[in-house]
Amino acid sequence: MNAWPTDSLPGRWQNVLTMETTHSPDLEPAFFDRPADTVARDLLGKTLVCLISGKRVALTVTETEAYLGPHDLACHAARGRTQRTEVMYAPAGTLYIYFVYGLHWMLNVVTGPEGYPAAVLIRAAGVISGHARLTRALAIDGKLNGRMAGRASGIWFESGKSPGRIIATPRIGVAYAGPRWSSRKLRFIGES
DNA sequence: GCAGTGATCATA
DNA sequence: ATGATCACTGCC
């Protein structure tokens with residue numbers, strides 16, 4: 001797989017290569033720099049990795065939702081640039097983590113070009129169902145909001161096996177956005 | 001079906 | 001300052 005003569009490389013590069021071949025390749029910010037619905041579909045089957053007190057916890061992403069941008073009335077950014085939505089304008093791959101209903105943290109990844117507020121909500125991964133339960137299980141809270149997904153943040157994505165089938169349905173809990181946006185099939189579930 | 005919980009945002 | 005509204009879950 002790796003054609004380089006690794007034994008001739010300096011030690012630190014050998015370490016990097018060892019890490020990279022131990023796991024699947026990390027998804028780089030460029031992966032997220034595409035339309036939210038494209039990213040939402042492609043994220044199915046990818047691996048969400050999180051460091052919990054130094055331990056690697058990996059889950060397969062099985063359910064996502066796309067929030068397309070300011071014109072999408074179900075998207076937080078549809079009501080403009082505010083303190084909360086500020087992070088949605090950050091570069092692709094930035095974590096957007098917000099608090100709802102007084103109890104739950106939601107995990108999103110910003111998509112598309114910097115300055116364009118769109119994101120993908122991670123609704124379920126592995127055997128854990130429910131997006132609030134996901135963040136609770138991974139001990140994710142607002143401290144990581146605005147950080148770039150990557151090893152330096154302790155939470156990142158890696159490539160994985162694409163699902164055999166993708167089911168698309170309307171998004172959950174967005175009736176307030178009106179029929180046009182609440183009926184559009186922007187929720188994706190991966191099945192093997 | 002709805003209680004619980006608190007940030008957020010529009011209105012004032 | 002105040003009040004409505006939540007990209008929810010679990011228990012009834």
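A polar contact is a pair of N or O atoms within 3.5 Å. Keep that cut-off at hand for the first stop in this predicted model.

**DNA strand C.** Select DNA strand C and Ala74. A polar backbone atom of Ala74 is 3.4 Å from a base nitrogen of the strand. Next select Tyr98, which has a polar side-chain atom 3.0 Å from a base nitrogen of DNA strand C. Then add His104: here a polar side-chain atom lies 3.0 Å from a base oxygen of DNA strand C.

Now show the 19 residues around DNA strand C, of which His76, Tyr98, Asn108, His131 and Tyr176 come nearest. By class, this surface has 11 nonpolar, six polar and two charged residues. Colour strand 4 (104-110), strand 5 (119-125) and helix 4 (131-137), since each of them supplies at least two residues of the surface near DNA strand C. On the DNA side, 64% of the atoms within 4 Å of the protein belong to sugar or phosphate, and the rest belong to bases.

**The loop at Tyr89.** Move to the loop between strand 2 (55-67) and strand 3 (95-100), where Tyr89 lies. Tyr89 counts as buried because its relative accessible area is 11%, and buried means under 20%. Contacts of Tyr89 beyond four places in sequence include Arg81, Glu114, Tyr116 and Pro117. Ala77 is also in contact with Tyr89; the C-alpha atoms of these two residues are separated by 8.9 Å.

**The nonpolar core.** Finish with Phe32, Leu43, Leu107 and Phe157, which touch the most other members among the 50 residues of the largest nonpolar core. Centre on Leu43: leaving aside neighbours within four places in sequence, its contacts include Phe32, Val61, Ile122 and Phe157.

Key. Residues are numbered from 1 along each chain as its sequence is written. Chains are lettered from A and ligands numbered from 1 in the order in which they are written. This is a predicted model: local features need pLDDT of at least 70, side-chain atom pairs count only at pLDDT 80 or more; totals for chains, interfaces and linings use all residues. Side-chain values use heavy atoms; hydrogens and water are left out. A nonpolar core is a set of buried Ala, Val, Leu, Ile, Met, Phe, Trp, Tyr and Cys residues joined through side-chain atoms within 4.5 Å. Buried means under 20% relative accessible area, exposed over 50%, partly exposed in between (1.4 Å probe, protein chains only). Contact means heavy atoms within 4.5 Å. A residue is near a molecule or strand if one of its heavy atoms lies within 4 Å of it. A polar contact is a pair of N or O atoms within 3.5 Å; within protein, one must be able to donate a hydrogen and the other to accept it, and residues adjacent in sequence count only if both atoms are side-chain atoms. Helices (H or I, at least four residues) and strands (E, at least two) are DSSP runs, numbered from the N terminus. Ala, Val, Leu, Ile, Met, Phe, Trp, Tyr, Cys and Pro count as nonpolar, Asp, Glu, Lys and Arg as charged, and the others, Gly among them, as polar.
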